[in-house]
Amino acid sequence: MLNFIKTTHSVEIEYQTEYGNGNDWIWKNLNSNGSAEVSRTFIFEKSDLLNPPQPTQDFETYEYRFCLGRLASGYLRIPGRILDSQNDLWIDENIKLKRSKFTAERNVSIFGRLSKILDHSNPIVIGGKHPDAIPEDAFDELLKKFPNTYELNRYAEARVHTILSQYIDGMKDARGRYERYLNRKQSLNSTTKVDLDQLKKLEIEKYILIRDLIEDALTNHTNFSEKEWQQLMLNFLLLLFPKYIKVFENVTIHDYYTDHSKKTNRFLDIALIDANGNLDIIEIKKPFEDKILRKGLYRGNSIPTSELSGSVMQAEKYLFHLSKWGIKGEETLSKKYAADLPIGMSVKISNPKATIIVGRDQIGGGNMSSQQLLDFEIIKRKYANMVDIITYDDLLRRLDNTIAALSK
């Protein structure tokens, strides 16, 4: 049994285990380990206990009372250690407290998880008027999106399925199209007469296959890591961008500007080589929603998220270092990849460009409005001379349009 009790200067927790005579285990842990985990959520130290038991305490009826945090300037301030977090928590004193505000299903610490993705030690602020506060409604939306037990079980099954099936089972329609594609290709190669209609059908099958594979991954494999998304998309890059003939992974380039006293190695996840040897780069990010435009407006306009701005900046820095590397870089890369390039071809670094595949056309669980799509288009055009920004939804639309055009 867990109760939150608000006093004049603090919030306390009253807790009694559901194990009857086993209620003394918390006191034993506090004495032996210096801390104890209460309700699989809060980690209290002995100094947090406000009513230490008596030597002859009857633990069957005893209720522990711990200090959760202090009230100050409209916030309940909870030390991060209590929540298994590197960051303290400041939560608006008017927010009704309950265990689910702190712990998701399977006893996942919400603020512990949030802390792991932050790169600072400032307090996490929920609600209230603090300039860095996460609005209460946004926090409630976050809680709703934490996976429940059913979702976690399905995800675990999907991961096992993916490893064993290598995308075959569960994608029978796409696999069937692929097999028909190979059969038709073999049949076409066996005849001396070129059938343009048959070639066109093969092209349609190819793009349908790619579209279905990407759609399936977006639906069933949203928890793929960024590396797994890169490996999936690597299969299609030369088909999606037919101007390129080679894909290279983890390409080392040299940076002479970050530290003028030495050469620094930078690594391109994916580099593309076109039919003339020109090198471009591509960045493949995870297809999260809410990663393109911020929910809030700036003077009535949608602005890019830090994730999108950071991805563009990263790509521009790579392009900068490539251009500065110049002829020396061309010689280095040509020598390194000579065995993978057509005979006589060399790598050229001539005004390289970048493509970023990132995010979904979705904000807050819904599609972007027409105004948001317009703002996003303006953002894309701002960088168009160097960087092409493509969402996964945009990629699917391009495939749908290509299939529709070829089908006429």
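**Exercise 1. Find the place of asparagine 250, say whether it is buried or exposed, and describe its phi.**

Solution. Step 1: asparagine 250 sits in strand β11. Helices (H or I, at least four residues) and strands (E, at least two) are DSSP runs, numbered from the N terminus. Step 2: its relative accessibility is 48%, so asparagine 250 counts as partly exposed. The cut-offs are under 20% relative accessible area for buried and over 50% for exposed, with partly exposed in between (1.4 Å probe, protein chains only). Step 3: although asparagine 250 is not a glycine, its phi is positive, about 50°. Most residues other than glycine have a negative phi.

Before you go on, a word on the source: this is a predicted model, in which local features need pLDDT of at least 70, side-chain atom pairs count only at pLDDT 80 or more, and totals for chains, interfaces and linings use all residues. Residues are numbered from 1 along each chain as its sequence is written, and side-chain values use heavy atoms, with hydrogens and water left out.

**Exercise 2. Do the same for serine 73: where is it, and is it buried or exposed?**

Solution. Step 1: look in the loop between β5 and β6 (75–78), where serine 73 is found. Step 2: serine 73 has a relative accessible area of 68%, so it is exposed. Step 3: serine 73 is not a glycine, yet it has a positive phi of about 50°.

**Exercise 3. Work out which parts of the chain the salt bridge between glutamate 12 and arginine 65 links.**

Solution. Step 1: the two side chains meet at 3.2 Å, N to O. A salt bridge is a side-chain nitrogen of Lys or Arg within 4 Å of a carboxyl oxygen of Asp or Glu. Step 2: glutamate 12 belongs to strand β2 (residues 10–15) and arginine 65 to strand β5 (residues 64–72); they are 53 residues apart, and the pair links distant parts of the chain. Step 3: glutamate 12 is buried because its relative accessible area is 14%, while arginine 65, at 27%, counts as partly exposed. Step 4: for the wider picture, the structure holds 19 salt bridges.

**Exercise 4. Describe the salt bridge between arginine 266 and aspartate 255.**

Solution. Step 1: the side chains meet at 3.1 Å, N to O. Step 2: arginine 266 lies in strand β12 and aspartate 255 in strand β11, so this pair ties together parts 11 residues apart in sequence. Step 3: aspartate 255 has a relative accessible area of 0% and is buried, whereas arginine 266 is partly exposed at 27%.

Now follow the chain into the loop between β11 (244–255) and β12 (264–274), the place of tyrosine 257. Tyrosine 257 is partly exposed, with a relative accessible area of 38%. Together with Tyr256 and Phe320 it forms a nonpolar patch on the surface, with about 260 Å² of accessible area. Patches are made of residues with over 30% relative accessible area and no salt bridge: like charges are joined within 9 Å, nonpolar side chains (Val, Leu, Ile, Met, Phe, Trp, Tyr) within 5 Å. Accessible areas come from the Shrake-Rupley method with a 1.4 Å probe; for residues, only the protein chains shown count as cover.

**Exercise 5. Find the helix that holds both aspartate 394 and arginine 397.**

Solution. Step 1: both lie in helix α11 (residues 392–407), three residues apart, about one turn of the helix. Step 2: their side chains meet in a salt bridge at 3.9 Å, N to O. Step 3: aspartate 394 is buried at 13% relative accessible area, and arginine 397 is partly exposed at 40%. Step 4: both belong to a network of salt bridges whose members include Asp361, Glu377 and Lys380.

**Exercise 6. Which residues does glutamine 372 touch, not counting residues up to four places away in sequence?**

Solution. Step 1: start in helix α10 (residues 370–383), where glutamine 372 is found. Step 2: the residues it touches are Leu293, Ser302, Ile363 and Asn367, not counting residues up to four places away in sequence. Contact means heavy atoms within 4.5 Å. Step 3: the side chain of glutamine 372 also reaches the backbone nitrogen of serine 369 at 2.8 Å. Step 4: glutamine 372 counts as buried because its relative accessibility is 17%.

Notes:
Polar contact = N/O pair within 3.5 Å; in protein donor to acceptor, adjacent residues only side chain to side chain.
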